[in-house]
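Please look through the structure shown here with a few places in mind: a pair of helices, a single leucine and some cysteines.

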Amino acid sequence: MDEEYDAIVLGTGLKECILSGMLSVSGKKVLHVDRNKYYGGESASICPLEELFSKFGVPTPDESYGRGRDWNVDLIPKFLMANGSLVKLLIHTGVTRYLEFKSIEGSYVYKGGKISKVPVDQKEALASDLMGMFEKRRFRNFLIYVQDFAEDDPKTWKDFDARSQNMVALYDKFGLDKNTQDFTGHALALYRDDDYLNHPAIETIRRIKLYSDSLARYGKSPYLYPMYGLGELPQGFARLSAIYGGTYMLDKPIDEIVLGEGGKVVGVRSGNEVAKCKQVYCDPTYVPDRVRKKGQVVRCICLLDHPIPNTKDALSTQIIIPQKQVGRHSDIYVSVVSYTHQVAAKGWFIAMVSTTVESDNPEIEIKPGLELLGPVRQKFVSVSDYYEPTDDGLQSQIFISETYDATTHFETTCLDVLDIFKRGTGKEFDFSKIKHELGDEEQ
């Protein structure tokens, strides 16, 4: 460990593994260390099933669950947008050759106590039970406008400047009612709260375009999920880093981040060994004195022996419960994967309900999501603190990721990673070289 490195990455959560891969590909000499014996950190996949039961202090599962080793249960499940940042990163860095993806079958939104498919094109908008007849026409016109909108062609703007006018003004232009605004902002643009309404409309237009472009890739939903669970992703990036000369050490305690003059990092100490470095990248658990608690996330992993009611027996799905529908300030997310993704024994499903904590009783807060699942065979509830760094890391050269949020997609994760990369290297990650196809990995 007594060598000198451009960067030392602490922790093998997905964000740290992506950064390690990006830094290695960019020509940096990287040492990647984790105090755990396994990859993934808090975003690990747990296998076998017995380990999940013991982690939550639940008696060992009976024989009805099938073989324990057939299960790979994500502690923080998330889906990838087919045309989103993470898939672009995977393609750009070549990690796709280690992974196989399957598209998620359905995307639903909750309204008035029941779930409906998210309408994503003009045909679905006209058939949707989320809106009345006249509202459908208005929404269809809105979707056509967004699809035709080109940032570099003012003719497509139709007398509306999306850079200076906010989203409220765009909704008003098309006369969309509050319910339609609700599922557009939360189930298509994937905002977690309503702050976006007062931001420039261009931001929301880009997000809706990302959703529909992702949908166009595969047809059923805009989301992808890796076979054998999300634990495959950190390992894919770890392999990538190793190919470019990155060094990995698991099960290595970290005793101190060593600072030099002006409080700038000069190395990392484990026992009597010190590895010298110019920069450190890490998750909040390695630097408790450099992060602040921003809130909490409640998650409930549910094991089911049936598909979710009212999803046409979909083998995988996402459901978003917009905040206003259940009198909250933040959305509730439900994700479902199953044995078809090689993450559960035959006939079994894994659902996750998650949200940002707003009260002293987090379990009550996820109730609207749990009620959509039908009978649950076993559930595991966890409440975790959400941390963010107290500074940008430029002075100390210690760059810290944020804790994973309650969303069931990776877009916020990628924004954090790209922001950290830019702060650490001084330049944006260059997506322009990306091939646009997943190649043989497409499903």
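In this predicted model, a good place to begin is the meeting of two helices, where Arg 138, Asn 141, Phe 142 and Tyr 145 of H5 touch Met 167, Leu 170, Tyr 171 and Phe 174 of H6. Sorted by class, the residues in this contact are six nonpolar, one polar and one charged. Two packed helices are described by the angle between their axes and the distance between those axes. For helix H5, which covers residues 133-148, and helix H6, which covers residues 167-174, the axes come within 9 Å and cross at roughly 125°. Because of that angle, H5 is oblique to H6.

Now turn to Leu 233, which lies in helix H9, spanning residues 232-243. Leu 233 counts as buried because its relative accessibility is 0%. When neighbours within four places in sequence are set aside, the residues in contact with Leu 233 are Leu 14, Leu 80, Leu 86, Leu 90, Leu 99, Pro 226 and Phe 410. Leu 210, by comparison, is 23 residues from Leu 233 in sequence, and their C-alpha atoms are 22 Å apart in space.

How many disulfides does the model contain? The count is zero, with a disulfide taken as a pair of cysteine sulfur atoms within 2.5 Å. The closest cysteine sulfur to that of Cys 302 belongs to Cys 300 and is 3.6 Å away, so the two are too far apart for a bond. Cys 414 is likewise in no disulfide, since the nearest cysteine sulfur, in Cys 17, is 14 Å away. As for accessibility, Cys 302 is buried at 0% relative accessibility, and Cys 414 also counts as buried, at 1%.

Methods: Residues numbered from 1 in each chain as written. Predicted model: local features only at pLDDT ≥ 70, side-chain atom pairs only at ≥ 80, totals over all residues. Heavy atoms only, no water. Helix = DSSP H or I, 4+ residues; strand = E, 2+ residues; numbered from the N terminus. Buried < 20%, exposed > 50% of the residue type's maximum accessible area, 1.4 Å probe, protein only. Contact = heavy atoms within 4.5 Å. Axes fitted to C-alpha atoms, helices over the stretch in contact; angles between N-to-C directions. Parallel < 35°, antiparallel > 145°, perpendicular 65-115°, else oblique. Nonpolar A, V, L, I, M, F, W, Y, C, P; charged D, E, K, R; others polar.
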